[in-house]
Amino acid sequence: MEFKEFELETGIDEKGLFTGKLTVYGEVDSYNDVVVRGAFSKTLKEKSTFPLLWQHDRAEVIGVAHLTEKPDYVEVKGELNLETQRGREAYALIKQGAVRGLSYGYDVVDYDIKGNMRYLKEIKLYEVSVVTFPALE
């Protein structure tokens with residue numbers, strides 16, 4: 001499984017809701033990967049809600065992430081579970097601005113290599129995480 005990180009777009013409200021971009025199509029990230037428009041289409045047709053994890057730790061589920069494909073990016077509407085200890089901690093750190101990153105765990109199903117760039121054409125998504133250091137800010 002691979003991981004990609006992006007920065008949260010908005011703050012967080014008192015209910016633990018936030019919005020961000022999971023990926024932006026056509027942008028080069030710090031891994032020299034480019035996500036091609038439509039790379040998430042198949043996985044999002046299968047389901048659009050994924051576990052929201054703390055720092056990719058499968059034992060630290062902190063809520064759910066609802067995903068929607070937009071023309072230029074995949075939008076995340078995150079919902080922290082404030083009835084969990086880690087959910088409350090994540091909420092406090094996001095609200096403070098100490099943690100502002102989003103990431104996702106995935107497998108690459110189809111890709112092309114051009115020069116030193118990998119163009120991700122199809123991605124199977126497993127989870128979305130709140131992380132400290134995003135790869136594409």
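Tyr104 is a good place to start: with a relative accessibility of 0%, this residue counts as buried (under 20% relative accessible area, with exposed meaning over 50% and partly exposed in between; 1.4 Å probe, protein chains only). The model is a predicted one, in which local features need pLDDT of at least 70 and side-chain atom pairs count only at pLDDT 80 or more, while totals for chains, interfaces and linings use all residues. Residues are numbered from 1 along each chain as its sequence is written, and side-chain values use heavy atoms, with hydrogens and water left out.

A search of the whole structure gives 2 aromatic pairs, where rings of Phe, Tyr and Trp (its six-membered ring) pair if their centres lie within 6.5 Å, and planes under 30 degrees apart count as stacked, over 60 as edge-to-face and the rest as tilted. Phe40 and Tyr104 meet edge-to-face, at 5.4 Å centre to centre and with 70 degrees between the planes. Because Phe40 lies in the loop between β3 (33–35) and α1 (41–46) and Tyr104 in strand β7 (residues 101–114), this pair ties together parts that are 64 residues apart in sequence; helices (H or I, at least four residues) and strands (E, at least two) are DSSP runs, numbered from the N terminus. Phe40 is likewise buried, at 0% relative accessibility.

Tyr104 also pairs with Tyr106, in a tilted arrangement with 5.1 Å centre to centre and 45 degrees between the planes. Both of these tyrosines, Tyr104 and Tyr106, are buried. Through ring pairs, Phe40, Tyr104 and Tyr106 are linked into a cluster.
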